[in-house]
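This report takes up the aromatic and charged side-chain pairs of one model, and then turns to the pairing of a few strands. Please keep the sequence and the structure in view while reading.

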Amino acid sequence: MLIAGVVGGAATAQLTGGRRVLGVEPVLRAAATALEPAVRLALHGDLHFPVDVAGGDLVIPNGFGGVSGVKGAGGHNGVDIGNGCSDGRGRPLLACVDGTLNSEKVLSTAGRLRVLADDVGNYYRYHHLDAYAPEIEVGDRVRRGDVIGYMGSSGNTSWSHLHFEVWIGGISPGLGGRAVDPLPRLPLPIPGVTVGLPDC
Ligand SMILES: [Zn+2]
């Protein structure tokens, strides 16, 4: 029992004789999940922070999954990052991964948006841009930290901010993807970046 308690499932399987195959099966299943996008994302490491932090005054007031303070109601598939005590319009938005500029479009809700794709099937959405960085076009390679656009309030918001989403395994639910909380994947804490409401 001590051995099983220390080393877990594999030892338990060895000690249960005829039930070995059943005992081992969950271990094999766990290894298989390592191929799944969620785990691959974790292996990808921290994302580059998607907003230029020079100058500080950044806040992340709206978390993942709750009510959006910007939209006023409904689920929230990402986090909002904006200036706390000044107007952040025009602040550089940075590629959070090495990858490609997958797509861009303008929607009434999300405004001017860009989507990055990494090389393992995950997608990163940037909403409400004031402007695109014109030197990067759809299909171009980007490196972590490259400027891909500028913070703004296009779409259904009055606050200049970045709405930032992370999708693993696909760009939408219909294509096998699911949105995950970006916050644990950001390299926080960062001086000048406050998770919560601004203190002006
Ligand atoms: Zn948002």
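Tyr126 and Phe164 are both buried in this predicted model. They belong to the one aromatic pair that the structure holds. The centres of the two rings are 5.3 Å apart and their planes stand at 70°, so the pair is edge-to-face, given that planes over 60 degrees apart are assigned to that class. With Tyr126 placed in strand β6 and Phe164 in strand β10, the pair links distant parts of the chain, 38 residues apart.

A charged pair also involves these two strands. Glu165 forms a salt bridge with Arg125, and the closest N and O atoms of that pair are 3.7 Å apart. Because Glu165 lies in strand β10, which covers residues 161-168, and Arg125 lies in strand β6, the salt bridge ties together parts that are 40 residues apart in sequence. Both partners, Glu165 and Arg125, are buried.

The count of salt bridges comes to five, and the table lists three of them, including the one just described.

| Salt bridge | Closest N and O atoms |
|---|---|
| Arg114 and Glu104 | 2.9 Å |
| Asp119 and Arg141 | 3.0 Å |
| Glu165 and Arg125 | 3.7 Å |

Arg114 forms its salt bridge with Glu104, and since Arg114 lies in strand β5 (residues 111-117) and Glu104 in strand β4 (residues 99-107), the pair ties together parts that are 10 residues apart in sequence. Are the partners buried or exposed? Arg114 has a relative accessibility of 2% and therefore counts as buried, whereas Glu104, with a relative accessible area of 32%, is partly exposed.

The salt bridge between Asp119 and Arg141 links distant parts of the chain, for Asp119 sits in the loop between β5 and β6 (123-129) and Arg141 in strand β8 (residues 141-142), 22 residues apart. Asp119 has a relative accessibility of 54% and so counts as exposed.

A polar contact without a carboxylate partner is found at His76, whose side chain meets the side chain of His163 at 3.2 Å. His76 lies in the loop between β1 (58-60) and β2 (79-83), and its relative accessible area of 2% means that the residue is buried.

The remaining topic is the pairing of strands. An open sheet is built from three strands in the order β3-β9-β7, and their pairing is antiparallel. Its edge strands are β3 (92-94) and β7 (131-132), each of which pairs on one side only. Where β3 meets strand β9 (residues 147-150), three bridges join the two antiparallel strands; among the residues involved, Leu93 has Gly149 of β9 as its bridge partner, and Pro92 stands opposite Tyr150 in β9. On the β7 side, two bridges join β7 to β9, again in an antiparallel arrangement, and here the bridge partner of Ala131 in β9 is Tyr150. Tyr150 of β9 thus appears in both pairings, opposite Pro92 and as the bridge partner of Ala131.

Key
Residues numbered from 1 in each chain as written. Predicted model: local features only at pLDDT ≥ 70, side-chain atom pairs only at ≥ 80, totals over all residues. Heavy atoms only, no water. Pairing = 2+ DSSP bridges. Helix = DSSP H or I, 4+ residues; strand = E, 2+ residues; numbered from the N terminus. Salt bridge = Lys/Arg side-chain N within 4 Å of Asp/Glu carboxyl O. Buried < 20%, exposed > 50% of the residue type's maximum accessible area, 1.4 Å probe, protein only. Phe/Tyr/Trp six-rings, centres within 6.5 Å; stacked < 30°, edge-to-face > 60°. Polar contact = N/O pair within 3.5 Å; in protein donor to acceptor, adjacent residues only side chain to side chain.
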